[in-house]
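Here is a quick tour for anyone meeting this structure for the first time. Have a look at the sequence and the 3D view before reading on.

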Amino acid sequence: MLPMATDGHQGKMVDRIVAGRSIVVLCAPPGFGKSQLARAAARRISAGSGLAVTEFGQIEHHADPRAAANALFAEPERVTILEDVHLTDRSFLGLALERISFDRSGARVIMTISQPGDFPLARLATRCPIDILDASALRQRAQETAQLLKSIPRAKMRARIRGLVGDWPIAMELLCAWAARSPDGCSSWSDLDIVRESRLGEFIDQEVLTLLSAEERSALVHASLLDLPDIDFLASISGHRSDGRILADLAFRWKGLVDRRENSIILQNALRIWLRDAVEAFDEDKRVALLVSMADQCSARGRLAEAAWLARMAGDTRRIRDYAHAHGALRIWIVHGFSVLRELLENSSPQDIASSIVLRMIECIVHMKAGRINAAQDLFESLAREVGPGHPLTKDLEIVRVTLLVYGCSLERTGDLELIRNLITEQADDPAMRTFLATLSAILNCQRARFDAAVANLIDARALAKRVSSQYNLMFLLMHEASINLAQGKLKHARTCLSEARTRWQRDFPSDVGVETVLAALSASIEFEAGRLTSARNSLKKSAHRMPEAEAWFDIYFAAYETMIRINIVDHGIGAMSEAVEDEARKLQAQGLPRVADLLMAIRLCVCGEACLQGQQVIMSEMSWDIPPVGPTSSWQEQEVFTIARAYRDYFDGQFEKAWALLEESIAVAADHGLERSRLRYLLVASVMATVAGEERRARAMLRSAVAIGAATGMRQVFREMGGRKLTPALQALREGEELTELEQGFVDRLLNRLRDRQSVASGTLSARELEVLGLLSSGGSDKHLARHLNLSEHGVRFHLKNIFKKLGVHDRLSAVAAARQLELTH
């Protein structure tokens, strides 16, 4: 077993035994380190009291079942370890323990048993003061598991072993020892292979299963076939009505390996795998019949993932097709979740999928959720050719089309919202379907800047999700609400929604990476808008860099990619950003997301236009990309970036008035729709354009309106991004006037402070030494490299870097280099 640790959990258990009562009983199934704990505690007691230590186990009990009791009578003043007490004359041993006066002699007894029935504990407890430490006290603690797993170099293997170990100490010992000597290629092994090769399976066979009757082993094998065995469900299987009673009894006797939570049985994972795949409890014909029966009953009860797995185990995958047809692709997704769709698909044969419209619809959804939009769209179009008017799956396929549209496909029709509204009416008696449709409607209404309708959809969807206890949809509805708040410039509300969604994710779905991606993308956008660049950069690592392979819908792509582009400029400069955008756009095109690719190219054109207006060297004529037209089904994101990109192109083509008219019209439209985010951007672009063109009156009016929105919403980073130094004189003039409110004056002061930070550097705030450090920093190199060239210590280099970061308003070396290049401090 694992070595004793005086400062770990096992050390605490030894302390607890030593400080305990005269009789301590360690009651847990095999593999919980009872013998090692008993011996360690006995040695400690002996060292402190001078009492001798005597052990009684199988050898002594087989020679004389009364040997331990007689020894206690003859010489009670010692520390006695009693193991395998089920082999003793238990009644006689119990009488001996009752007769001995432990208080007078100072004697101690440490007894280890595998289950409560091994010894009459209830009788003993009524006559003697005893302590009972069960599997809950002796189990492997999570923090100790994490510490021991650090010795395993491969992260994926660590995760797999953690899942197999659970809180069973012997599993930790054997699996860690195996992992330390295992070959690199073992990551492809099945869990059964790992349990077998680590010899944990051998331990289960010899130390656990030998203590069970044939009926008990059979009941455990039946339970191992289900993800979450249910006592009533197992009792309902024809011919196995005793299973429920047997499992309830085992959950009491074998706590730690077989646990009960309400009416469900939880098996230790390695034990479950061994029982399911390695233990032959019945012949092949009976096994197949049992698997088929359990699969059918799981399907009838809505346990479709288990039904699919059982049908595949039985070699009858055609049943999976029947289950899919009985429940329907969309209903399975809505009611049971995406993971169940994936299980149905992965357990089906290629022939079953090819012959089933429902399974192919499931395959389409799986491709879509995995970011394989091109494959999903191709499959959808193939299905659309088969499912004609009047087909029972026509409406389901239309819903799949709208969902693909939400995810970024170009499958829009002008009547999409009306279609969903009619479907919601038709599904009046089906809250699960209605909450899904209401959510789709909310996303589409949000994308098309119909925010009142989107909020109404959200309210309806949330009420229906609560009725059907759809925790997953309730979590996503919070994220959709955050998207709406972002578009309207309500950063505080967006952050609150996101915080609650993150809490739900951490509590209920912590292993869902897709949810983490969406949360991180929204968080990056919120933090960037508020000017918290470090937080935004940290969130990007869990969002944009996972796309387009990760799950995301159109709003999430925009939130992540816009922030990514602007952070990329800060870190690497505008040239590197432009190349990165082109690479990502090609990837998006290949992935089947041309709309997102166009959006990305438009954002690139916008930031290049900003740079040109601020005097940076960017050749706009090289941006040879056709800006798509804005149509009736275009999202507000497309309208925003395509409009700004077109305004920049008109301006640099010498058509200032045309660009101005486009922006003025867009400002009015954004105001009508409550799109404060877009309106702020249009106003800032117009103000900077007017400033550069010498139209001071126009520039001031636009900037005044922009300041009002910025002060009300807290969106301040966009002022630096879109205006930069060009805005400083106009902001100072506004500050000196009398037209600003107190809130707006404070907002302008904060903007000027941030803008002055950078500009004061260009005026000479950086010392000569700091400029020298910055120059070398631009050519790369570690702190040690800089120290050698500057004849400084590494501590001195870090001191100068800290001052440079503070003066430039950045947080890392790359950002400092980018800022220096922008301010022409380096070459």
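What follows goes through the confidence of the model, its cores, one strand, and a few helices and residues.

## How far to trust the model

This is a predicted model, so to speak of local features a pLDDT of at least 70 is needed, side-chain atom pairs count only at pLDDT 80 or more, and totals for chains, interfaces and linings use all residues. Residues are numbered from 1 along each chain as its sequence is written, and side-chain values use heavy atoms, with hydrogens and water left out.

The predictor's confidence in each residue is its pLDDT, on a scale from 0 to 100. The chain averages 86, and 92% of the residues score at least 70. Among the elements of the chain, helix α38 (residues 656-673) has the highest mean pLDDT, 95, while helix α6 (residues 102-105) has the lowest, 64. Over residues 1-6 the pLDDT drops below 50; beyond near neighbours in sequence, that stretch has 22 contacts in the model, where contact means heavy atoms within 4.5 Å. Residues 757-764 also have a pLDDT below 50, and this stretch has 16 contacts beyond near neighbours in sequence.

Helices and strands here are DSSP runs numbered from the N terminus, with at least four residues (H or I) for a helix and at least two (E) for a strand.

## The nonpolar cores

In soluble globular proteins, nonpolar side chains tend to be buried together. A nonpolar core is a set of buried Ala, Val, Leu, Ile, Met, Phe, Trp, Tyr and Cys residues joined through side-chain atoms within 4.5 Å. Buried means under 20% relative accessible area, exposed means over 50%, and partly exposed is in between (1.4 Å probe, protein chains only).

The largest nonpolar core holds 247 residues, and W168, I362, M689 and F719 touch the most other members. Helix α36 (residues 594-613) gives the largest share of this core, 13 residues. Leaving out residues up to four places away in sequence, I362 touches A324, A329, I332, L341, L344 and L345. There is also a second, separate core of 23 residues, which includes I23, F56, L93 and L121.

## A strand covered on both faces

Is strand β1 (residues 23-27) enclosed or open? Five of its five residues are buried, so β1 is largely enclosed by the rest of the structure. I23, V25 and C27 are buried on one side, and V24 and L26 on the other.

Strands count as paired if DSSP finds at least two bridges between them. β1 runs parallel to strand β4 (residues 108-113), with five bridges joining the two, and L26 stands opposite T112 in β4. β1 also pairs with strand β5 (residues 130-133), again in the parallel sense, over four bridges. There, I23 has I130 as its bridge partner.

## Helix α26 and what comes after

Helix α26 covers residues 394-406, and 11 of its 13 residues are buried, so the rest of the structure largely encloses it. Among the buried ones are D396, E398 and R401, alongside L397, I399 and V400. The expected span of a helix is 1.5 Å times one less than its number of residues. For α26 that should give 18 Å, and the end C-alpha atoms are 19 Å apart, which agrees.

Just after α26, G408 takes a positive phi of about 120°. G408 is also one of the residues touched by R595, along with L405, C409, S410, F554, S635 and E638, not counting residues up to four places away in sequence. R595 lies in helix α36 and is buried, with a relative accessible area of 8%.

## Two residues of helix α35

L588 sits in helix α35 (residues 574-590) and counts as buried at 0% relative accessibility. Setting aside neighbours within four places in sequence, L588 is in contact with P548, Y561, L593, P594, V596, A597 and L600. The C-alpha atoms of L588 and D598, 10 residues apart along the chain, are separated by 9.3 Å.

E584 is found in α35 too, and is buried with a relative accessible area of 10%. E584 touches M547, P548, Y561 and L600, again not counting residues up to four places away in sequence.

## Aromatic rings

Rings of Phe, Tyr and Trp (its six-membered ring) pair if their centres lie within 6.5 Å; planes under 30 degrees apart count as stacked, over 60 as edge-to-face, and the rest as tilted. The count comes to 14 aromatic pairs. For Y651 and F656, the ring centres are 5.9 Å apart and the planes are at 70°, so this pair is edge-to-face. Both residues, Y651 and F656, are buried. Ring pairs link Y648, Y651, F652, F656 and W660 into a cluster.
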